[in-house]
Amino acid sequence: MTTLDALMKRNRDFAAEQSAAGLLMASLPRALPNVKALIISCADMRVDPAHVLGVKLGEAVVFRNIGGRVTPGTLEMLGLLGRITQVAGESPRAGGDFCLIVLHHTDCGITRLTGDPEMLTDYFEISKEELQAKAVPDPRAAVAVDVAALRATPALPGEWLVSGLVYDVATGLVDIIVPPAPVRVADTRQ
Ligand SMILES: [Zn+2]
């Protein structure tokens, strides 16, 4: 059996189980009001939020890239997502319980790119001088850098709770590095 054959078999099992339980997404009137989180995480096969955080079908939008970093590409996807939900007349839950999570991890492959600074400067679209501030070798520092980058993004809803987590691939445990707090404190000038 090829890898694809095995995956297709799993898909048929999935469809049968979900359909029997009435859980297929099409049966929900609207998917987005059920979304509880937007997670930015690494593409590494060991750190899928569905497994590491037990995210269930329909619970979270997950963006994955090399390192789980907030890059111009990540921000572009956030912008497109905002537009899609606007066009669909849906928006992620209002109120203070929508989580925006940056999930980095130990032993990340991105740390092996530190010998190729040009690849990293292209990825982040920054100059070589700015690269050190991205804290690529240290996931704990990097997750704080990326949470700060999200806080500096005016297009994000201010009431979303943004946090920064690091998953330890050796223990399986996730540490909260940046505790959840609103993207922006309420503007008191209003
Ligand atoms: Zn990684």
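Q: What phi does Gly-22 take, just after helix 1?
A: This is a predicted model, so we're reading the angle off computed atoms. Gly-22 comes just after helix 1, and its phi is positive. The value is about 70°.

Q: How many of the 18 residues of helix 1 are buried?
A: Helix 1 covers residues 3-20. From its first C-alpha to its last it reaches 26 Å, close to the 26 Å expected at 1.5 Å a residue. Helix 1 is hardly covered, though, and its count of buried residues is 0.

Q: In what order do the elements of the protein run from the N terminus on?
A: There are 5 helices and 5 strands to place. Starting at the N terminus, the order is α-β-α-β-α-β-α-α-β-β.

Q: Which strands are the edge strands of the open sheet?
A: The sheet is open and has 5 strands in the order 2-1-3-4-5, with mixed pairing. An edge strand here pairs on one side only. Those are strand 2 (60-65) and strand 5.

Q: By how much are neighbouring strands of this sheet turned against each other on average?
A: Take the sheet with the order 2-1-3-4-5. Ignoring direction, the average turn between its neighbouring strands is 15°.

Q: How many bridges join strand 1 to strand 3?
A: Strand 1 (residues 37-42) pairs with strand 2 in the parallel sense over 6 bridges. Strand 1 and strand 3 run parallel too. In that pair, Ala-37 has Cys-99 as its bridge partner, and Ser-41 stands opposite Leu-103. The number of bridges joining strand 1 to strand 3 is 5.

Q: Which residue in strand 2 stands opposite Cys-42?
A: Strand 1 spans residues 37-42, and strand 2 spans 60-65. The two pair in the parallel sense. Opposite Cys-42 stands Asn-65.

Q: Is Leu-38 buried or exposed?
A: Leu-38 is found in strand 1, which is mostly covered, with 6 of its 6 residues buried. A residue needs 20 or more other C-beta atoms within 10 Å to count as buried. Leu-38 has 20 such neighbours, so it counts as buried.

Q: How far apart are the C-alpha atoms of Leu-38 and Phe-63?
A: Leaving aside neighbours within four places in sequence, Leu-38 is in contact with Ala-60, Val-61 and Leu-100. Phe-63 is 25 residues from Leu-38 along the chain. In space, their C-alpha atoms are separated by 7.7 Å.

Q: Why does Asp-107 count as partly exposed?
A: Asp-107 lies in the loop between strand 3 and helix 4 (117-124). Its phi is positive, about 55°, although it is not a glycine. Most residues other than glycine have a negative phi. As for exposure, Asp-107 counts as partly exposed because its C-beta neighbours inside 10 Å number 14.

Q: How many other C-beta atoms lie within 10 Å of Ala-135?
A: Ala-135 sits in the loop between helix 4 and helix 5. Here, too, we have a residue that is not a glycine with a positive phi, about 55°. Ala-135 is partly exposed, and the count of other C-beta atoms within 10 Å is 16.

Q: What span should the 13 residues of helix 5 have?
A: Helix 5 takes in residues 139-151. The reckoning uses 1.5 Å a residue, and the end C-alpha atoms turn out to be 18 Å apart. That agrees with the expected span, which is 18 Å.

Q: Within what arc do the buried residues of helix 5 fall?
A: The buried residues are Pro-139, Ala-142, Val-143, Asp-146, Val-147 and Leu-150. Looking down the axis of helix 5, you find them lining one face of the helix, because they fall within an arc of 140°.

Q: At what angle does helix 5 run to strand 4?
A: What covers the buried residues of helix 5 includes strand 3 (99-105), strand 4 (161-167) and strand 5 (174-182). Helix 5 lies across these three strands. Its angle to strand 4 is about 165°.

Q: Is Pro-154 buried or exposed?
A: Pro-154 is in the loop between helix 5 and strand 4. Its C-alpha atom is 9.0 Å from that of Arg-184, 30 residues away along the chain. With 8 C-beta neighbours inside 10 Å, Pro-154 counts as exposed.

Key:
Residues numbered from 1 in each chain as written. Predicted model: local features only at pLDDT ≥ 70, side-chain atom pairs only at ≥ 80, totals over all residues. Helix = DSSP H or I, 4+ residues; strand = E, 2+ residues; numbered from the N terminus. Expected span 1.5 Å × (residues − 1). Buried ≥ 20, exposed ≤ 12 C-beta atoms within 10 Å, placed from the backbone. Arc of directions from axis to C-beta. Contact = placed C-beta atoms within 7 Å. Pairing = 2+ DSSP bridges. Axes fitted to C-alpha atoms, helices over the stretch in contact; angles between N-to-C directions.
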